[in-house]
Amino acid sequence: MTESEFWEALEQVFGPTLGHSLVQDLHISGLGGTPGEALARGIKPDEVWEALIVEVGAGEEARWIHRRPKKKHS
């Protein structure tokens, strides 16, 4: 997962407002801080995504959303 895929997945799963709030405000002990802090420290986006999904109990569908083919817009 790239960092841009992380942000796309975040907005798809949680929506922009809640997603960015989770990244900024949700302390995850396994990351030693918020997801945003973890990314800033250089922790890989896929590790941050995994920790976030587990923490909020988002499930398998959300976990792999960045691997699904993107829908074409007509």
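Colleague: How many helices and strands does the protein have?
Modeller: There are five helices and zero strands, where helices (H or I, at least four residues) and strands (E, at least two) are DSSP runs numbered from the N terminus. This is a predicted model, in which local features need pLDDT of at least 70, side-chain atom pairs count only at pLDDT 80 or more, and totals for chains, interfaces and linings use all residues. Residues are numbered from 1 along each chain as its sequence is written, and side-chain values use heavy atoms, with hydrogens and water left out.

Colleague: What is the radius of gyration of the protein?
Modeller: The radius of gyration is 12 Å, close to the 11 Å that the globule rule gives for 74 residues, so the protein is as compact as a globular protein of that length. The radius is taken over C-alpha atoms, and the globule rule is 2.2 Å times the number of residues to the power 0.38. Along its principal axes, the C-alpha trace spans about 40 × 20 × 20 Å.

Colleague: And what share of the residues counts as buried?
Modeller: Of the 74 residues, 35% count as buried. Buried means under 20% relative accessible area, exposed over 50%, and partly exposed in between (1.4 Å probe, protein chains only).

Colleague: Turning to the interior, which residues touch the most other members of the largest nonpolar core?
Modeller: They are F6, L10, F14, L31, V48, W49 and L52, out of 18 residues in that core. A nonpolar core is a set of buried Ala, Val, Leu, Ile, Met, Phe, Trp, Tyr and Cys residues joined through side-chain atoms within 4.5 Å.

Colleague: Which element gives the most to it?
Modeller: Helix α4 does, with five residues. The elements that give two or more residues are α1, α2 (16-25), α3 (35-40) and α4.

Colleague: How many aromatic pairs are there?
Modeller: A search of the whole structure finds three. Rings of Phe, Tyr and Trp (its six-membered ring) pair if their centres lie within 6.5 Å; planes under 30 degrees apart count as stacked, over 60 as edge-to-face and the rest as tilted. F6 and W49 have ring centres 5.7 Å apart and planes at 85 degrees, so their pair is edge-to-face. F6 lies in helix α1 (residues 3-14) and W49 in helix α4 (residues 45-56), so this pair ties together parts 43 residues apart in sequence.

Colleague: Are F6 and W49 buried or exposed?
Modeller: Both F6 and W49 are buried. W49 also pairs with F14: the ring centres are 6.3 Å apart and the planes at 65 degrees, so that pair is edge-to-face. Ring pairs link F6, W7, F14 and W49 into a cluster.

Colleague: New topic: how many salt bridges does the structure hold?
Modeller: It holds three, a salt bridge being a side-chain nitrogen of Lys or Arg within 4 Å of a carboxyl oxygen of Asp or Glu. One of them joins E5 and R67 (4.0 Å, N to O). E5 lies in helix α1 and R67 in the segment after α5 (60-63), so the pair ties together parts 62 residues apart in sequence.

Colleague: Which residues are linked in a network of salt bridges?
Modeller: E50, E60 and R63 are. The closest N and O atoms of E50 and R63 are 2.4 Å apart, while E60 and R63 meet at 3.0 Å, N to O. R63 counts as buried at 15% relative accessibility, whereas E60 is partly exposed at 49%.
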